[in-house]
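This report looks at one protein model, beginning with a single loop residue and its surroundings and then turning to a sheet, the helices that touch it, and the chain as a whole.

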Amino acid sequence: MDSCSVNDDDTNKFTNVADDACCEMIFENEIEQLFVGGDEFWTGDSPTKPYVGQVFASIDAAFSCYKGYSSFSGFQVRRSTQKTRRGLIVSKYFVCSKAGSADNSSSRDDDDIEPEASRISDTVGPVKKKRRTVSGKCECSAKLVLKNVALKGYVVSHFEDNHNHPFANDSEKHFLRGNRCMTAVLRNFAFNAASSNTGPVRAFNFLKSLTGSYAAVGATAVDFKNWMRDIKVFIGNHDADMILQKFKDKKETSDNTFFYEYETDSNGHLTRIFWADLEGQRSYDVFGDVVSFDATYRTNKYSMVFVPFIGVDNHWKSVTFAAALLDKEDIENFTWVFKMFLKIMKHPPKCIITDQCAAMKAVIPKIFPDSMHRLCMWHILQKFPSKLGVVFCAESLFMEKLNKFVWNSSLVPEEFEQGWHSVLEEYNLSDHSWLKEMFELRHFWIPAYFMDKSMGGLLRTTSRSESSNFYFNHFVQKGDTLSEFYMCYESAIAKQRNSYYELRNGDSKFPKMVTEMEIEKDAASHYTRSIYYKVRKEIKAACYHMSLDNLVTADNVKKCMIRDKHVKDKVFQVDLSLSSNDISCSCHLLTRVGYPCRHIFYCLSLSSIEQIPQQLLSKRWMKNAVETYSTIDLVAESNGSSDEDKRKSTSKEVWFEFQGCVDEVSSDVNALGFVLAGLKCLRAKAREMVKNPQMSKKDVIANMFGVKPSAIITIKPPLQSNNKGSRKRIVGPAEKSADGRDRVRRMCKICKKKSYHDSRNCPKKGLENNLSVHQVEEPLNGEDTEMSNPQ
């Protein structure tokens with residue numbers, strides 16, 4: 001503890017309590033509180049405490065020493081005035097952060113403004129609200145003065161260590177600005193967390209859990225938020241330039257396999273952009289028979305529409321082929337994006353599924369004339385509550401009865417039409433205009449009308465795009481810039497593809513058989529695990545739920561009439577060519593989805609065929625389908641040879657080595673101490689090696705994005721779009737009421753049933769009144785369960 005010289009009068013004051021101050025000596029956290037001349041003073045102590053005559057090689061070294069001492073003691077310091085002579089700094093002042101006096105010229109808050117003054121100001125103009133600020137300055141005289149001495153450097157000529165304010169205690173020290181710093185580790189952590197849609201506050205709280213306390217993080221939540229704000233400010237009007245430069249760099253490093261196109265308006269603002277990488281192209285080459293195309297909203301600050309091209313891979317999971325951002329949902333934009341898709345993918349899909357967008361309906365026949373256009377069932381069924389009434393759809397059995405015919409893929413068109421009309425007549429809806437319109441469009445969305453068409457698993461899984469949109473929304477936010485959006489998009493795609501690699505790795509394991517049939521083992525050797533489980537259901541059903549109704553052989557073709565107990569004893573016809581093993585079934589599952597149905601397996605079993613004929617094996621469901629059947633060669637993306645690429649690569653190696661070192665000694669306290677001492681020594685040596693360890697904030701952000709904005713803006717950011725889905729949908733009270741699941745059921749006096757309605761709003765009382773309710777309900781529960789994970 002440093003001593004402080006006091007006279008006898010001062011000593012006597014320690015024994016006499018004065019009215020102005022409590023005169024006592026307090027020792028806490030190595031801080032000494034003294035009373036000199038009736039005033040309180042605080043001084044600290046530390047092994048690194050400066051002293052008069054101490055020599056430093058530079059001003060920065062002296063400030064670093066003083067700053068370390070202040071952080072340890074519990075106060076802050078700042079650089080102050082200096083004197084120069086012929087360009088050389090001959091003296092430099094470092095002062096306490098509380099030096100000087102507070103500016104009280106505009107100390108009144110808005111709450112202090114008199115009402116009369118407010119009324120007067122209203123006649124002149126609005127009063128500009130001022131930010132509420134506080135000042136910690138209290139005219140503290142503590143300081144350190146340096147003087148330049150030839151051949152020596154800088155010497156401490158004066159050191160005043162008495163402060164007129166208390167220091168921060170241990171629980172407050174981490175709030176001091178000198179003890180807070182967004183280090184490279186914290187900056188990278190906050191930046192990488194943002195790519196997974198984790199905000200700065202959540203990232204800060206997560207680090208707190210990792211480090212054990214808020215003080216150990218080294219920064220506050222506000223510092224994290226300010227850092228993310230600085231990133232957005234850094235991007236600014238360079239947003240479009242940065243993402244296009246990013247695409248240009250990716251194209252160069254991928255040997256031109258990365259494809260992108262963009263267009264601007266007459267004023268140079270970006271209006272649309274399309275991109276597709278090599279893996280997306282290879283996936284489309286194998287799984288591109290059916291494509292789902294749907295718009296996603298609120299993914300960026302410009303309200304541009306995000307439109308991914310989605311398919312189904314050989315694991316029954318969503319796969320992204322390409323994507324685009326459009327400023328408008330109109331014919332011009334859809335024409336352009338479909339042309340770009342066809343340009344890079346070389347061939348159109350066999351079937352494309354969209355919502356009821358009029359612009360898409362007009363464009364698809366022109367760009368993809370040979371493709372089959374189908375409407376998304378999920379989007380259409382979602383509209384039923386808004387057209388028929390929320391309460392009516394929620395509490396009547398109308399939707400349940402109608403779904404039996406809408407979703408049934410085993411019905412023929414005549415059976416569907418008969419069932420549709422019967423349900424509508426039962427509820428007096430035969431003359432409903434919207435239902436009539438949907439019936440006229442039945443060829444575009446009812447499975448019964450394209451049950452013999454190849455749908456690649458998208459016949460009943462109609463919400464594939466909607467689920468993918470939900471998936472992408474876990475990574476992006478509506479306030480993201482284009483550069484941030486693409487960074488989040490890359491994270492989403494990386495997760496999607498990692499799930500694919502994980503499933504592909506699992507295909508090497510052989511699943512457990514549920515039957516003794518050799519054909520099941522053959523199926524397990526060909527199909528991926530996910531598809532095998534679907535095929536196994538068909539094989540199992542063929543064993544236990546099928547029966548032969550009739551068998552006829554003519555012209556070397558065996559015709560089996562098979563009765564299916566699962567479909568109300570409906571009879572299906574299977575034709576098997578005895579010469580070529582060509583086989584077909586009237587249920588058309590093989591044509592529609594791509595793997596044999598239970599009726600085919602039953603027929604194969606009758607014919608003692610123990611292996612699936614090759615012509616029945618669809619390559620899109622095979623193991624390693626992309627690697628085996630894609631005609632596009634995989635080109636490894638260059639890792640780059642620039643200094644920045646080497647720095648990132650080496651930084652990753654250092655991090656993993658550090659983690660490995662900690663893992664090796666984590667159970668031994670002595671070994672941990674040895675590693676800690678070695679790291680401190682290594683850090684000191686590394687600090688001496690690095691000549692310029694600090695990069696500017698702009699350089700740090702540019703390195704994170706991998707793109708440095710040019711001085712001149714060549715492509716301006718997009719203008720704010722105003723599309724139909726750019727705003728949140730307002731949920732009405734009727735929908736909230738119908739969607740409630742915690743309400744108590746009441747006995748209705750009209751229908752005599754316990755339900756969520758009563759006699760005032762019973763569906764049987766006034767169906768015509770309910771038809772006019774125009775609200776929107778949550779999606780029906782008729783979707784496939786496979787869509788719960790769209791990765």
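## A loop residue, Asn 473

In this predicted model, Asn 473 sits in the loop that links α19 (464-472) with α20 (482-506). Its relative accessible area is 33%, and because this value falls between the cut-offs of 20% for buried and 50% for exposed, Asn 473 is classed as partly exposed.

Leaving aside residues up to four places away in sequence, the contacts of Asn 473 are with Asn 197, Thr 296, Tyr 297 and Thr 299. For one of these, Thr 296, the separation from Asn 473 is 177 residues in sequence, whereas the C-alpha atoms of the two residues are 8.5 Å apart in space.

## The seven-stranded sheet

An open sheet of 7 strands, with mixed pairing, follows the order β9-β10-β13-β12-β11-β14-β15. Its edges are formed by β9 (259-264) and β15 (372-375), each of which pairs on one side only. Ignoring direction, the average turn between neighbouring strands of this sheet is 20°.

At one edge, β9 runs antiparallel to β10 (residues 270-276), and the two strands are joined by 6 bridges. Within this pairing, Glu 261 has Phe 274 of β10 as its bridge partner.

## Helices against the sheet

The helix α20, which follows the loop holding Asn 473, packs on the sheet and touches β10, β12 (305-312) and β13 (318-326), with its direction at about 170° to that of β13. Helix α11 (residues 358-367), in turn, lies across β11 (290-293), β14 (351-354) and β15, and runs at about 170° to β14.

## A buried serine, Ser 386

Ser 386 belongs to helix α13 (residues 384-388). Its relative accessibility is 11%, and the residue counts as buried because this lies under the cut-off of 20%. The side chain of Ser 386 also makes a polar contact, reaching the backbone oxygen of Lys 383 at 2.7 Å.

## The chain as a whole

The protein contains 30 helices and 21 strands, and 45% of its 791 residues count as buried. The exposed area comes to about 43,000 Å², of which carbon and sulfur atoms supply 51%.

When contacts between residues at least 6 apart in sequence are considered, 63% of them join residues at least 24 apart. The contact between Asn 473 and Thr 296, whose positions are 177 residues apart in sequence, is one example of such a pair.

Terms used
Residues numbered from 1 in each chain as written. Predicted model: local features only at pLDDT ≥ 70, side-chain atom pairs only at ≥ 80, totals over all residues. Heavy atoms only, no water. Helix = DSSP H or I, 4+ residues; strand = E, 2+ residues; numbered from the N terminus. Buried < 20%, exposed > 50% of the residue type's maximum accessible area, 1.4 Å probe, protein only. Contact = heavy atoms within 4.5 Å. Areas by Shrake-Rupley, 256 points an atom, 1.4 Å probe, with all protein chains shown as cover. Pairing = 2+ DSSP bridges. Axes fitted to C-alpha atoms, helices over the stretch in contact; angles between N-to-C directions. Polar contact = N/O pair within 3.5 Å; in protein donor to acceptor, adjacent residues only side chain to side chain.
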